[in-house]
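Reader: Before accepting any label on this model, I would like to hear the reasoning behind it. Please take the terms one at a time.

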Amino acid sequence: MTSHETATATNVQQAVPFFIVADIEASLRFYVNGLGFTKTIDWVPDGKLQWCRLEHGTAAMMLQESRKSGLNTNAPTAQRGVGVSICFVCRDAISLYREFISRGIAAKRPFVGNGMWVTSVVDPDGYRMDFESPTDAPEESELPNI
């Protein structure tokens, strides 16, 4: 490995998903009230929230409301989120599942895949997020109904 490769490898610190959303206020309700994220930075030109950074533990993501017209139009032309899943590795996916359900979020019942408990949610724009935690439970196990 060259010194350039070493410097590049140690320079990257975090990947932060950036979602273009149709209604940033609806997305904030989902992520903050439903999933427990905290808004840490925002951009509010002319009194209207346009962009924000959300954090949950050491994980982060960014949201920006789509612009349907003007110089910087960025409204998607296809369905959002198709073929992409953001995976959050966490300490206890089952407890997050229970928390999400208690907040009215339609989380999928946890199952074991690749040595991880996995629960999934889909946001108002169709972006899918998986919350995963390591387990010794057998593959394809499902959390019993409670």
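Author: Two strands count as paired if DSSP finds at least two bridges between them. The model is predicted. In it, tryptophan 117 has serine 133 of β8 as its bridge partner.

Reader: What makes β7 and β8 a pair?

Author: Pairing needs at least two bridges. Seven bridges join β7 to β8, and the two strands run antiparallel. The requirement is met, so they are called paired. They also form a hairpin with five residues between them. In its turn, glycine 126 has a positive phi of about 95 degrees.

Reader: How do you know that β5 pairs with β8, and in which sense?

Author: The two strands share five bridges, in the parallel sense, against a requirement of at least two. Among the partners, serine 85 is bridged to arginine 128 of β8, and isoleucine 86 to methionine 129 of β8.

Reader: Why is β8 called largely enclosed?

Author: A residue is buried under 20% relative accessible area. Five of the seven residues of β8 are buried, so the rest of the structure largely encloses this strand. β5 has two unlike faces: Ile86 and Phe88 are on the covered one, while Ser85, Cys87 and Val89 are on the uncovered one.

Reader: What makes β1 and β2 edge strands?

Author: Their place in an open sheet of four strands, ordered β1-β4-β3-β2 with mixed pairing. β1 (18–21) and β2 (38–43) each pair on one side only, and are the edge strands. Neighbouring strands of this sheet are turned by 25 degrees against each other on average, direction ignored. β2 and β3 (residues 51–56) pair over five bridges in the antiparallel sense. Isoleucine 41 has arginine 53 in β3 as its bridge partner.

Reader: Why is asparagine 114 called exposed?

Author: Exposed means over 50% relative accessible area. Asparagine 114 has 75% relative accessibility, so it counts as exposed. This residue is in the loop between β6 (111–113) and β7 (116–122). Although asparagine 114 is not a glycine, its phi is positive, about 55 degrees.

Reader: What about glutamate 140: buried or exposed?

Author: Exposed, because its relative accessibility is 71% and the cut-off is over 50%. Glutamate 140 lies in the segment after β8 (128–134). It is not a glycine, yet has a positive phi of about 70 degrees.

Reader: What makes a group of residues a nonpolar core, and which have the most contacts inside the largest one?

Author: The members must be buried residues of the nonpolar kinds admitted, joined through side-chain atoms within 4.5 Å. The largest such core has 31 residues, and those with the most contacts inside it are Phe19, Tyr31, Leu35, Val121, Met129 and Phe131. Elements that each supply at least two residues include α2 (24–34), β4 (59–65), β5 and β8. α3 gives the most, with five residues. In soluble globular proteins, nonpolar side chains tend to be buried together.

Reader: How do you know which residues line the largest pocket?

Author: A lining residue has an atom within 4 Å of a pocket point. For the largest pocket, 13 residues line it, with His56, Gly57, Val89, Cys90 and Arg91 nearest its centre. Its volume is about 290 Å³. β5 (85–89) and α3 (93–102) each supply at least two residues of the lining. By class, the lining has seven nonpolar, four polar and two charged residues.

Note on methods
Residues are numbered from 1 along each chain as its sequence is written. This is a predicted model: local features need pLDDT of at least 70, side-chain atom pairs count only at pLDDT 80 or more; totals for chains, interfaces and linings use all residues. Side-chain values use heavy atoms; hydrogens and water are left out. On a 1 Å grid over the protein atoms alone, a cavity is a set of points where a 1.4 Å probe fits but cannot get out, and a pocket is an open set with protein on both sides within 12 Å along at least five of seven lines; lining residues have an atom within 4 Å of a point. Grid points are joined across faces, edges and corners, and a volume is the space filled by probe spheres set on the points. Ala, Val, Leu, Ile, Met, Phe, Trp, Tyr, Cys and Pro count as nonpolar, Asp, Glu, Lys and Arg as charged, and the others, Gly among them, as polar. Axes are lines fitted to C-alpha atoms, for helices over the stretch in contact, and angles run from 0 to 180 degrees between N-to-C directions. Buried means under 20% relative accessible area, exposed over 50%, partly exposed in between (1.4 Å probe, protein chains only).
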